[in-house]
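Biologist: I have a new structure open. Walk me through it, please.

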There are 2 protein chains.
Amino acid sequence: MVAGPTSAGPGKDRLRLWIRLLRASRTIEAELRERLKKEFDTTLPRFDVMAALYRSPEGMLMSDLSRFLLVSNGNVTGIVDRLVSEGLVTRARRNGDRRTSMVRLTEEGSKSFAAIAAAHENWVGELLGNVSEDEARRLTGMLKSFRSNWEGRE
Amino acid sequence: MVAGPTSAGPGKDRLRLWIRLLRASRTIEAELRERLKKEFDTTLPRFDVMAALYRSPEGMLMSDLSRFLLVSNGNVTGIVDRLVSEGLVTRARRNGDRRTSMVRLTEEGSKSFAAIAAAHENWVGELLGNVSEDEARRLTGMLKSFRSNWEGRE
DNA sequence: TTATAAAACTTTAAGCTTGAAATAATTCCG
DNA sequence: CGGAATTATTTCAAGCTTAAAGTTTTATAA
């Protein structure tokens, strides 16, 4: 998925774009993962879950989390398990529907996330340093538009 | 890593860009992974390795592969192990340096990859369908330039 | 030489990831 | 009501991924 087109021809430009996109995100992701590990002894998936929960103080269901994060249900189960065991997150059984449980950041989790998120934003600013703010906005717009076409079509 | 900035302010545009980038590549990647599984009973990492080898008929060292694919050494070991056991790839011990082995596609592997790659290219063309070829080239250029700044700096 | 370092690779432990199967609770309807 | 389908979640097996530690081979240099 990281190798280039094997020949020239029509349609190759989209393939090239995809390969660039993937290489860029993988490289940045690897750098962020490494820093999260070194500086905060945490992982990208844990950070993702905490980021989602930070935006929803009222809590999220497991299915909300997996839908929002674009990962499978079983995946979220394991990550939340570990966050719970670390005291960063709670699972609260609900009276209304006993199949579900509300997942929330603990106070400690919230404080912890705020600190990590600040560093994370600086890192991204650094890693994308030579994209001007203006260029960043334009790129964001282009990415937004090409996503909307086919995403979530089923 | 998929959640948005938690507030407005300077530097947020780069963070937004990063989140878009990540969501886009994850969504496309998930779709491609699923199709590779359904249509060809293979995986993205296997496809990546085969794509790299297809470009190098003379073969690649394990370390070449991991460097090119942006993954760890140990990772490539496992994937190549499985490809070898499937008869798609060979590991040839070299006389010159007995620490290394040349990894190559078998004839079967080469044929198999060509078929998968054709489908893969069509899928990417479809998934990025509403990016014009011209826009694709411009985006590719922007991604290329912002990568070169910091990648491989150490 | 011959120790020592460096290089190429594999192994290992822990965690992430998926899709499919299993559980449990709720909703739908006949 | 009561069986059937649906929904929310967990469990499971297989594979991917990394960092760190270990093995084997080659290069360096005292």
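Modeller: Start with A:Arg26. It counts as buried, at 19% relative accessibility. Buried means under 20% relative accessible area, exposed means over 50%, and partly exposed lies in between (1.4 Å probe, protein chains only).

Biologist: Before we go on, what kind of model is this?

Modeller: It is a predicted model: local features need pLDDT of at least 70, side-chain atom pairs count only at pLDDT 80 or more, and totals for chains, interfaces and linings use all residues. Residues are numbered from 1 along each chain as its sequence is written, chains are lettered from A and ligands numbered from 1 in the order in which they are written, and side-chain values use heavy atoms, leaving out hydrogens and water.

Biologist: Back to A:Arg26. Which side chain does it meet in a salt bridge?

Modeller: That of B:Asp48, at 3.5 Å from N to O. A salt bridge is a side-chain nitrogen of Lys or Arg within 4 Å of a carboxyl oxygen of Asp or Glu. This pair crosses between chains, from helix α2 of chain B to helix α1 (residues 12–40) of chain A. Helices (H or I, at least four residues) and strands (E, at least two) are DSSP runs, numbered from the N terminus.

Biologist: B:Asp48, buried or exposed?

Modeller: Buried, at 5% relative accessibility.

Biologist: And what does B:Arg26 pair with?

Modeller: A:Asp48, in a salt bridge of 3.4 Å, N to O. B:Arg26 is in helix α1 (residues 12–40) of chain B and A:Asp48 in helix α2 of chain A, so this pair joins two chains. Both residues are buried.

Biologist: How many salt bridges are there over all chains?

Modeller: A search of the whole structure finds 28. One of them links A:Arg137 and A:Asp134, at 3.9 Å, N to O. Both lie in helix α6 (residues 133–148) of chain A, three residues apart, about one turn of the helix. A:Arg137 is partly exposed, with a relative accessible area of 44%. A:Asp134 is partly exposed too, at 45%. There is also a network of salt bridges linking A:Asp13, B:Asp134 and B:Arg137.

Biologist: New topic. How many aromatic pairs does the structure hold?

Modeller: Six, over all chains. Rings of Phe, Tyr and Trp (its six-membered ring) pair if their centres lie within 6.5 Å; planes under 30 degrees apart count as stacked, over 60 as edge-to-face and the rest as tilted. A:Phe47 and A:Phe113 have ring centres 5.3 Å apart and planes at 35 degrees, so they are tilted. A:Phe47 sits in helix α2 and A:Phe113 in helix α5 (residues 107–127) of chain A, so the pair ties together parts 66 residues apart in sequence. Both A:Phe47 and A:Phe113 are buried. With A:Tyr54 they form one aromatic cluster.

Biologist: What about B:Tyr54 and B:Phe113?

Modeller: Their ring centres are 4.8 Å apart and their planes at 45 degrees, so that pair is tilted. B:Tyr54 is partly exposed, at 31% relative accessible area. B:Phe113 is buried, at 3%.

Biologist: Which ring does the charged end of A:Arg23 sit over?

Modeller: The ring of B:Phe68, 5.3 Å from its centre. Likewise, B:Arg23 has its charged end over the ring of A:Phe68, 5.3 Å from the centre. The test is NZ of Lys or CZ of Arg within 6 Å of the ring centre and within 35 degrees of the ring normal.

Biologist: Now the DNA. How many residues surround strand D?

Modeller: 25, and the closest include A:Ser63 and B:Arg46. Of the strand D atoms that come within 4 Å of the protein, 78% belong to sugar and phosphate. A residue is near a strand if one of its heavy atoms lies within 4 Å of it. A side-chain N or O atom of B:Arg46 is 2.7 Å from a phosphate oxygen of strand D. Helix α4(B) gives the most to the surface near strand D, with four residues.

Biologist: And which atom of strand C is 3.0 Å from the side chain of B:Arg99?

Modeller: A base nitrogen, with an N or O atom of the side chain at that distance. For strand C, 79% of the atoms within 4 Å of the protein belong to sugar or phosphate, and the rest to bases. The largest share of the surface near strand C, four residues, comes from α4(A).

Technical notes: A polar contact is a pair of N or O atoms within 3.5 Å; within protein, one must be able to donate a hydrogen and the other to accept it, and residues adjacent in sequence count only if both atoms are side-chain atoms.
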